[in-house]
Amino acid sequence: MAYDSIIIGSGLSGLTCALLLARSGRRVLVLEQHSQPAPVVRGFRRAGIYFDSGFHYVGGLGDGGAFQPLFKHLGLADRLTLTEYNPDGFDRLKINSSGEISSLPIGFAQIKEELAQRFPALKVEIEGYLNAIEQKWCCYPYLDLNVDISDFGMESVHGESLKQRLDVFSAAPELQSLLSMHSLLFGVDPGEASATLNAQVAGSYYHSVHGVDGGGKALIDAYLALLDGVGADIRCQAKVESLLEESGQVSGVRLACGEEISATEVIATQNPTLLPQIVPEGILRPAYLKRLKNLRQTMSAYVLFGKTSKPLDALERCSLFIQQQAGVFTSGAKLPLEQRSCYLTSAGEDASGQNRGIIGIVPAGYGEVVEYSEGKNSRSSGYAEKKDLVAIKIKEMLVQGCPELADLEILDLATPLTLRDYSLAPQGAIYGAGHFIGQYNPHPVTRLPGLFLSGQAIAAPGLLGTVVAAYITCGSILGHELLRGEIKTCR
Ligand SMILES: Cc1cc2nc3c(=O)[nH]c(=O)nc-3n(C[C@H](O)[C@H](O)[C@H](O)COP(=O)(O)OP(=O)(O)OC[C@H]3O[C@@H](n4cnc5c(N)ncnc54)[C@H](O)[C@@H]3O)c2cc1C
């Protein structure tokens, strides 16, 4: 069967592109290498508890939030129930060396007030810093419908680093900790990430913070129902091995099984580092392909899934960042495990409605487990023992940061190899190709007519970043004015 649009990858960006294109009347097919749609985000059940895998919370969906109109336009707002995080402390930070615990409330005004109270000598600087983020976080194509699409992203490439920006607070290392901890949500160290990228990601959470009832699975189910309603097809275990080209234009794809499927446009949402592997020789310029191959990736991670004997108040509608020493965050992926920062959140409810699942995420490097990789989903001996050792150490780190976890039962551990196999991201990069200062991530429009790119490498990671990326990509196909006009009716 011939399609108008083929989308490679059924992650958040692929599903969003599919929805926008199918709604415009195109015949759309989504191809996913994994056995189920959205392998990164859909989560899983263990010991009777639903665990989220690649989605915990989202920013910018509160009243007046710049993400709200897109959520409504996609139809997600009508299908999902959002739960607000704790307004007095949506994210908390524990600094192990001092034992100090701080909370960030929801809302720019509330954060300014809280921080000014704690650091009165820096009140003016804090206001200036947060005012800039408040203005900047939504100055992004499709969040702000007037932003010029042609030069989006440049500030993230050329701007001041987050670390430099936080120099002004060097007299208050705890403040630097609080204002840099969200770098774990984009996977690039503050020394290499722009203050603008941090504003885009952290700023959305400063504005408003919600979880989705039913977690990532409910989010994906909502997408699938919407796609079903517009007649889009999805095929899993369908790995794209090659793009097809005819007369200088995309003409379809060939799957790993040898099947060829025709389409007049292909939207590639996989990690862009993988694109050169599926482009037949001579179609795209070698310099462009080299640039894609060399894109730097975000850190990887260990993700520990566990169960407590009773619900944990400390993680009720909030997450906990744990840092060993106060100061600007580093992922610390190169440090010994016990010196790294980590992130702790609760999972969904068990059958009795109690929240007893725990997810702990600790930055990691691919090199720590690469010796156990024999290929996709295949591990050499010693891997299970390595996982057990790492899981025990991570549990100790989590208990140090949150003593209420002393009776945590370890259920499983995902490693950089797990992350690699679910998304195919090189080195198990947690957020794919990173947004580093000095790195030009690819534009959605390529020189091959009919080939477009989307995904977290284009705009930013996360639900918000990937949805924005999908709008930028689909706007390049359908016309930005058309999409922006539709969104205006959802404000
Ligand atoms: C542990 C973790 C926690 C997170 N927490 C949050 C959170 O709380 N809030 C938030 O907003 N975001 C969170 N994120 C980030 C968010 O999950 C990602 O930014 C987002 O899922 C990326 O979507 P994507 O579509 O760009 O990429 P992906 O989901 O990686 O989609 C690309 C898809 O392409 C498929 N693919 C690759 N190559 C091929 C091929 N050749 N043929 C067919 N298919 C192919 C892959 O299997 C994959 O499914 C988290 C991520 C992780 C890993």
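Strands, as named in this tour, are DSSP runs of E at least two residues long, numbered from the N terminus. The structure on display is a predicted model.

**The loop at T330.** Select T330 first; this residue is found in the loop that runs between β15 (319–323) and β16 (342–346). Is T330 buried or exposed? Because 20 or more other C-beta atoms within 10 Å make a residue buried, T330 counts as buried, with 21 such atoms within that distance. Next, add V188 to the selection: 142 residues separate V188 from T330 along the chain, while their C-alpha atoms are 8.5 Å apart.

**The sheet.** Both strands that flank this loop belong to an open sheet of seven strands, ordered β8-β7-β15-β16-β17-β14-β20, with mixed pairing. Display β8 (100–104) and β20 (409–414) at the edges: each has a single partner strand, so one side of each lacks a neighbour in the sheet. On average, neighbouring strands here are turned by 20 degrees against each other, direction ignored.

Now select β7 (residues 91–95) together with β15; the two pair in the parallel sense over five bridges. Within this pair, D91 stands opposite S319 of β15.

**The ligand.** Finally, select the ligand and the 36 residues that surround it. The closest of these are G9, G11, G54, Q270 and G462. Which helices should be coloured here, as each supplies at least two residues of the shell? They are α1 (12–23) and α15 (462–478). Colouring the shell by class shows 18 nonpolar, 16 polar and two charged residues around the ligand.

Note on methods: Residues numbered from 1 in each chain as written. Predicted model: local features only at pLDDT ≥ 70, side-chain atom pairs only at ≥ 80, totals over all residues. Near = placed C-beta within 6 Å. Helix = DSSP H or I, 4+ residues; strand = E, 2+ residues; numbered from the N terminus. Nonpolar A, V, L, I, M, F, W, Y, C, P; charged D, E, K, R; others polar. Buried ≥ 20, exposed ≤ 12 C-beta atoms within 10 Å, placed from the backbone. Pairing = 2+ DSSP bridges. Axes fitted to C-alpha atoms, helices over the stretch in contact; angles between N-to-C directions.
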